[in-house]
Amino acid sequence: MATWRRDGRVTAAQRLCCAALAGALSLSLTAPLELLSVLAQVGAPRGRRGLRRAAAGLCRDEGLRALWKGNLTACLRLCPYSALQLAATRRLVILFTDELGHISHWRAIMAGSLAGMVATVVTYPTDVIKTRLIVQNRLEPSYEGILHAFYKIYHQEGLLALYRGVSPAILGAIPFSAGSFFVYINLDKIWREPIVHFTPLQNFINGCVAAGVAQTLSFPFETVKRKMQAQSPWLPHYGAVDVHFTGMTDCFRQTVKNKGVLGLWSGLTPSLLKIVPYFGVMFSTFEFCKRVCLYRNGYIESPLNYKLTPGVDQSLLPQELKELKLLRREKFEPRKSALEN
């Protein structure tokens with residue numbers, strides 16, 4: 001069992017800003033690996049050459065900036081996605097928490113997965129646009145930007161085209177949750193100590209291992225999702241997809257028929273390679289941003305260390321601490337003016 005707790009010294013708005021900044025930076029630094037993974041999933045010719053040759057060929061043909069195609073869309077998606085996920089997670093955690101304020105690891109993972117589904121469905125059109133921008137040739141683009149892509153897809157292919165592939169995206173959450181749960185229920189056996197005694201480094205390793213296992217199990221659904229997002233009769237070579245299909249089930253069938261079972265895991269290597277730098281940058285950036293917020297709120301002496309401010313009650317909420325400081329200042333100023341007189 002675990003207790004659902006969060007640092008009340010940071011406001012919800014500050015927490016969202018920290019998450020958005022950390023997510024945008026980690027996405028931008030790992031964007032080339034994400035791009036290579038998507039190209040391999042779709043089956044584009046550039047994605048079949050191996051990581052190094054694919055990256056070199058892309059830079060040679062379209063320029064260095066091509067490695068960050070679709071990254072702006074992914075970054076802009078972060079704020080609404082994070083806000084929806086946080087709001088849904090809070091509601092679901094309250095629903096799954098018992099009377100003593102405890103929640104099991106399975107229920108916590110389920111709450112996070114369901115919240116992720118809600119955020120995924122609402123923001124899904126941006127994921128489709130990201131895939132379309134990745135698979136197109138930057139020098140001969142079918143879409144001139146995010147808004148143009150949204151407008152063109154909607155008018156040429158209809159509203160449902162913006163939700164093409166949402167079914168495997170939702171179904172993929174089942175093996176993803178199962179993989180995460182399998183890792184977390186065995187952590188105490190792996191480390192041979194209780195979960196409550198884990199260090200930050202152990203928690204970081206645990207997160208990377210859980211993400212790797214969960215991503216590997218759910219990757220076939222991710223591959224089918226990318227193929228469905230990219231395929232379009234309005235794009236050159238049908239979006240460069242290596243198989244033609246009529247729906248999710250047919251996409252699974254055609255991929256296995258033409259590429260073999262392992263074809264469902266095309267692009268897994270760059271996807272796994274980005275886990276450590278992605279989470280490393282995200283956690284370190286989020287922690288630093290959080291320290292800046294704690295410093296601005298008056299709880300610590302400097303964002304460069306974690307030394308607590310003397311005389312400050314760390315259990316107070318930011319608004320309570322602000323009101324307390326204001327009250328103390330109002331009491332001090334009349335005394336100061338009385339002494340001067």
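**Reading a kink, a patch and two odd phi values**

Me: Where is F150 found?

Reply: F150 sits in helix 7 (residues 146–157); helices here are DSSP runs of H or I, at least four residues, numbered from the N terminus. This is a predicted model, where local features need pLDDT of at least 70, side-chain atom pairs count only at pLDDT 80 or more, and totals for chains, interfaces and linings use all residues. Residues are numbered from 1 along each chain as its sequence is written, and side-chain values use heavy atoms, with hydrogens and water left out.

Me: Is F150 buried or exposed?

Reply: Buried means under 20% relative accessible area, exposed over 50%, partly exposed in between (1.4 Å probe, protein chains only). F150 counts as partly exposed because its relative accessibility is 38%.

Me: What span should helix 4 have?

Reply: Take 1.5 Å times one less than the number of residues. Helix 4 (residues 71–96) has 26 residues, so it should span 38 Å, and its end C-alpha atoms agree at 35 Å apart.

Me: Where does helix 4 kink?

Reply: A bend is the angle between axes fitted to the seven residues ending at a residue and the seven starting there. In helix 4 there's a kink of about 35 degrees at L78, shortly before the proline P80.

Me: Which phi sign do most residues other than glycine have?

Reply: Negative, for most of them. Here H237 has a positive phi of about 60 degrees, and Y238 has a positive one near 55 degrees. H237 lies in the loop between helix 11 (200–230) and helix 12 (248–259), and Y238 is in the loop between helix 11 and helix 12 too. H237 counts as exposed at 70% relative accessibility, while Y238, at 40%, counts as partly exposed.

Note on methods
Helix = DSSP H or I, 4+ residues; strand = E, 2+ residues; numbered from the N terminus.
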